[in-house]
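Colleague: I am new to this one. Could you walk me through it?

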Amino acid sequence: MAKEKPPRYADPLYQTAHDEAFSKPLFANIETVLPPDVRTEEFALALEQIIEALGTDAVFTGNDLKDYVDPYEIPESGHERSVPSAAVCPSSVAEIQAFLKVVNEYKIPIWTFSRGKNLGYGGPAPGVPGCIVLDLHRMNKILEVNDKFGYAVVEPGVTFGDLYEYCAKNRLKVWPSTASLGWGSVIGNSLDRGLGFIPTGVHHENIAGMEVVLANGDVVRTGQYAMSNSPSAHITKLTFGPTIDGLFLQSNLGIVTKMGISLTPQPQAYMACAFDVPEFEHIEIIVDVFGELRRNGTLPYMVYVFYLAEWATMFGKHSDWWKGDGPIPDWRLKEMQAELDTGIWAVKFGLYGPTSIIQAQFDEVKKIVSKKCPTGRLRHTLFAAEDGNLLDATAVDPLYGGVRVGIPSMWNIPMVNYYNLREDSVGAHGAYSPIVPLDGSTVLEWAKTAKAISAEQGFDFLCDFFMHDRYAIFVTMLVFDKTSPEQRSGVDKVFHRLFEEGSKRGFAKYRAHLNHMDLNADLFDFNNHAYRRFVETLKASLDPNGILSPGKMGIWPERLKWLRKRNQDA
């Protein structure tokens, strides 16, 4: 009989979405999988000791593990199913330390996550079948929010929704950034280099001071947070000696249990800006013009660009837009521009601050765009508080605000259902998301290539990208009906073709699915993979038993390196 589990989310919107995501697995039963190189009797003894230390309510096995598999798994990928042997949900650092003592004794590998909501990249599933997953969602305290200096200190279970609600309830003069979906962990998303949409939206660049539990249970703090009495613990990245914060991003060198992150000061005004163009080739102009505006400081914050077909997923399924076979043809996409009142490519960006300053910024953008992109359409809507007061995010029309003013939601979750045709269809997605230089001709050539590869398997080209000042994170969304073997196989082929072509051009993904971590890590090949050898040297010193998330981002402990070869052969 399944163990009764308390809700993972206080907000019913997120709990319902979680239940929906994990309620329709391809395989109903969770097969028993032992950790690698651990005997049955050893595993049983270890579980007894973990339960004694943390309590029965913190340990899950068997069919209670349904929340710990990849809800978007693709059996046709050739990889072994990523199933854990057990799950452990600690509520404190002391409980993590007690757990680590046991798994070190038995050399049981574990796989750590905060909320497990990086769906499309493996979610909460372990990279190595048989790991015990360490689920930190019960460590969900907001320890501090300082609206004078604009930062928060949170535990791993704090979601974007939690932090927003706390700041709104306490009328704090800050706007926390949020990722596209509000159910994710602030810490988990930041450590995986996730992105938001407001001035502090490059989350990993806004980390200041973290607490990390090492494999042996020791606790280290970074930056000024390493001082027990520093008033600057979360207002600067400066430290004394080497900066080590980056060692714990996308990392298996420690377990982050507290983190300071900068928040956007509540502005007097916000201007929602949009620009669109009618022809596919105009993406070259967008990238070059808006890239220059990013680099010269006219547009200091994130610029978000999306392709029409992806935008259409918000308003209907593929079958609503196109009744024929294969991807939506170009002539139909041209009709859809008029129907959706947008271009084939659309740009969205926000300006934040005093009205006079953002108006001057917009005037400069308008002058440049009118001269260099005359075929495009620039629009804007200003929202400003009266009498010089600060703007309430909820005063912004949701059509223009939402995630762009830091209000979390589940706004783009309908995208996963784009190819659902039957009542029992279940939407899913993956992604190929390389770092691409912010050069117009390079981005245009890559967009043409990715569109053609998607079309080879009958899929629409669904893409968006985040424009930083010198590069873009170019995301090709791989949406599919996970109940369809043809679509599962097709989307896997699309990914590998994109990866092959991207690798030829020197592109690497900025984050990767569990099944693709070794593939991506292999691209960093200078001096016989010196980078990987360096990090694995650190791994051997900090985690001699190789228990922390083995293989994460292609970093393996010595005793389990044979699994890398297995993954490369899959």
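Here are some questions and answers about the model, from the overall fold to its aromatic rings.

Colleague: Happy to start simply. What kind of model is this, and how many helices and strands are there in the protein?

Modeller: Good place to begin: this is a predicted model. Its secondary structure includes both kinds of element, and the count is 15 helices and 19 strands.

Colleague: Which radius of gyration does the protein have, and what would a compact globule have?

Modeller: The C-alpha trace spans about 70 × 60 × 50 Å along the principal axes. For 570 residues, a compact globule would come out near 25 Å, so the protein agrees with that expectation, at 24 Å.

Colleague: How much of the protein is made up of buried residues?

Modeller: A residue counts as buried when its relative accessible area is under 20%. On the outside, the protein exposes about 23600 Å², with carbon and sulfur atoms supplying 53% of that area. Of the 570 residues, the buried share is 58%.

Colleague: What share of the contacts with a separation of 6 or more comes from residues 24 or more positions apart?

Modeller: Contact here means heavy atoms within 4.5 Å. Among contacts with a separation of 6 or more, the part from residues 24 or more positions apart is 75%.

Colleague: How far apart do the centres of the positive and negative side chains lie?

Modeller: There are 56 positive side chains and 69 negative ones. Taking the centre of each set, the distance between the two is 3 Å.

Colleague: Where in the chain are the partners of the aromatic pair Phe280 and Trp345?

Modeller: The whole structure holds 30 aromatic pairs. In this one, Phe280 and Trp345 are tilted, 5.4 Å centre to centre with 55° between the planes. The partners are 65 residues apart and link distant parts of the chain: Phe280 is in the loop between β12 (269–277) and α6 (283–295), and Trp345 is in strand β14 (residues 345–353).

Colleague: Is Phe280 buried or exposed, and is Trp345 buried or exposed?

Modeller: Phe280 has 13% relative accessibility, so it falls in the buried class. Trp345 has 0% relative accessibility and therefore also counts as buried.

Colleague: In the pair Trp322 and Trp331, which residue is exposed?

Modeller: These two rings meet edge-to-face, 5.7 Å centre to centre and with 80° between the planes. Trp322 has 19% relative accessibility, so it counts as buried. With a relative accessible area of 52%, the exposed residue is Trp331.

Colleague: Which residues form one aromatic cluster?

Modeller: Beyond single pairs, some rings group together. The members of one such cluster are Trp175, Tyr270, Tyr301, Tyr352, Phe383 and Tyr400.

Technical notes. Residues numbered from 1 in each chain as written. Heavy atoms only, no water. Helix = DSSP H or I, 4+ residues; strand = E, 2+ residues; numbered from the N terminus. Rg over C-alpha atoms; globule rule 2.2 N^0.38 Å. Buried < 20%, exposed > 50% of the residue type's maximum accessible area, 1.4 Å probe, protein only. Areas by Shrake-Rupley, 256 points an atom, 1.4 Å probe, with all protein chains shown as cover. Lys, Arg positive; Asp, Glu negative; His and termini not counted. Charge placed at Lys NZ, Arg CZ, Asp CG, Glu CD. Phe/Tyr/Trp six-rings, centres within 6.5 Å; stacked < 30°, edge-to-face > 60°.
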